[in-house]
Amino acid sequence: TQAGISLTLSGYHSATGSQKVNQDLARRRAFAVRDLLLGAGVSKERVVLDKPQQTEANVAGEERQARRVEVSMK
């Protein structure tokens, strides 16, 4: 990344199921992306982990967008 820019990672989970299990899963997703970024040479100081985020469940009870990590540059 460019000087002064940090990457904020937010793992997501669905609204269905156990809140604790889902938050842990979202956290592990964010850690996996963090590890990939660090392995690609991004400085550890530039990677910020945000708290797990929840998406709303759809009619079927699962949302594909719940299984993601968002990366924002600040």
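**A buried strand, one helix and three salt bridges**

Gly-11 has a relative accessible area of just 1%, so this residue counts as buried (buried means under 20% relative accessible area, exposed means over 50%, and partly exposed is in between, using a 1.4 Å probe and protein chains only). The model is a predicted one, in which local features need pLDDT of at least 70 and side-chain atom pairs count only at pLDDT 80 or more, while totals for chains, interfaces and linings use all residues. Residues are numbered from 1 along each chain as its sequence is written, and side-chain values use heavy atoms, with hydrogens and water left out.

Now for the overall layout. The protein chain has 1 helix and 4 strands (these are DSSP runs numbered from the N terminus: H or I for helices, at least four residues, and E for strands, at least two). Read from the N terminus, the order of elements is β-α-β-β-β. Of the 74 residues in the chain, 27% count as buried. The chain exposes about 5000 Å², and carbon and sulfur atoms supply 52% of that area (accessible areas come from the Shrake-Rupley method with a 1.4 Å probe, and for residues only the protein chains shown count as cover). Contacts (heavy atoms within 4.5 Å) often link distant parts of the sequence: among those with a separation of 6 or more, 77% join residues 24 or more positions apart.

Back to Gly-11, which sits in strand 1. Setting aside residues up to four places away in sequence, Gly-11 touches Ala-26, Ala-30, Pro-52, Gln-53, Arg-68 and Val-69. Gly-11 and Asp-50 are 39 residues apart in sequence, yet their C-alpha atoms are 7.8 Å apart in space. Ser-10 belongs to strand 1 too, and with a relative accessible area of 9% this residue is buried. Beyond its neighbours within four places in sequence, Ser-10 is in contact with Asp-50, Gln-53, Arg-68, Val-69 and Glu-70. His-13 also lies in strand 1, which covers residues 7–13. At 2% relative accessibility, His-13 counts as buried. Leaving out neighbours within four places, the contacts of His-13 include Gln-19, Asn-22, Gln-23, Ala-26 and Arg-29, as well as Pro-52, Gln-53, Gln-54, Thr-55 and Ala-66.

On the helix side, Ala-30 is part of helix 1, residues 19–39. Ala-30 is buried because its relative accessibility is 4%. Not counting residues up to four places away, Ala-30 touches Leu-9, Gly-11, Leu-49 and Val-69. Ala-30 and Tyr-12 are 18 residues apart in sequence, with 8.4 Å between their C-alpha atoms.

Ala-30 also turns up in the largest nonpolar core, which has 6 residues in all: Leu-7, Leu-9, Ala-30, Leu-37, Val-42 and Val-47 (such a core is a set of buried Ala, Val, Leu, Ile, Met, Phe, Trp, Tyr and Cys residues joined through side-chain atoms within 4.5 Å). Strand 1 and helix 1 each supply at least two residues of this core. In soluble globular proteins, nonpolar side chains tend to be buried together.

What about charged side chains? Side chains of opposite charge can pair when their charged atoms come close. A search of the whole structure finds 3 salt bridges (a side-chain nitrogen of Lys or Arg within 4 Å of a carboxyl oxygen of Asp or Glu). One of them joins Arg-28 and Asp-24, with the closest N and O atoms 3.2 Å apart. Both partners, Arg-28 and Asp-24, lie in helix 1, 4 residues apart, which is about one turn of the helix. Arg-28 is partly exposed at 48% relative accessibility, and Asp-24 is partly exposed at 34%.

A salt bridge also links the side chains of Asp-35 and Arg-34, at 2.8 Å from N to O. Here Asp-35 has a relative accessible area of 42% and is partly exposed, as is Arg-34 with 25%. Glu-70 and Arg-68 form a salt bridge as well, their closest N and O atoms being 3.0 Å apart. Glu-70 is partly exposed at 38%, and Arg-68 is partly exposed with a relative accessible area of 22%.

Arg-68 has a ring partner too: this residue lies over the face of Tyr-12, at 3.6 Å from the ring centre (a charge sits over a ring if NZ of Lys or CZ of Arg is within 6 Å of the ring centre and within 35 degrees of the ring normal).
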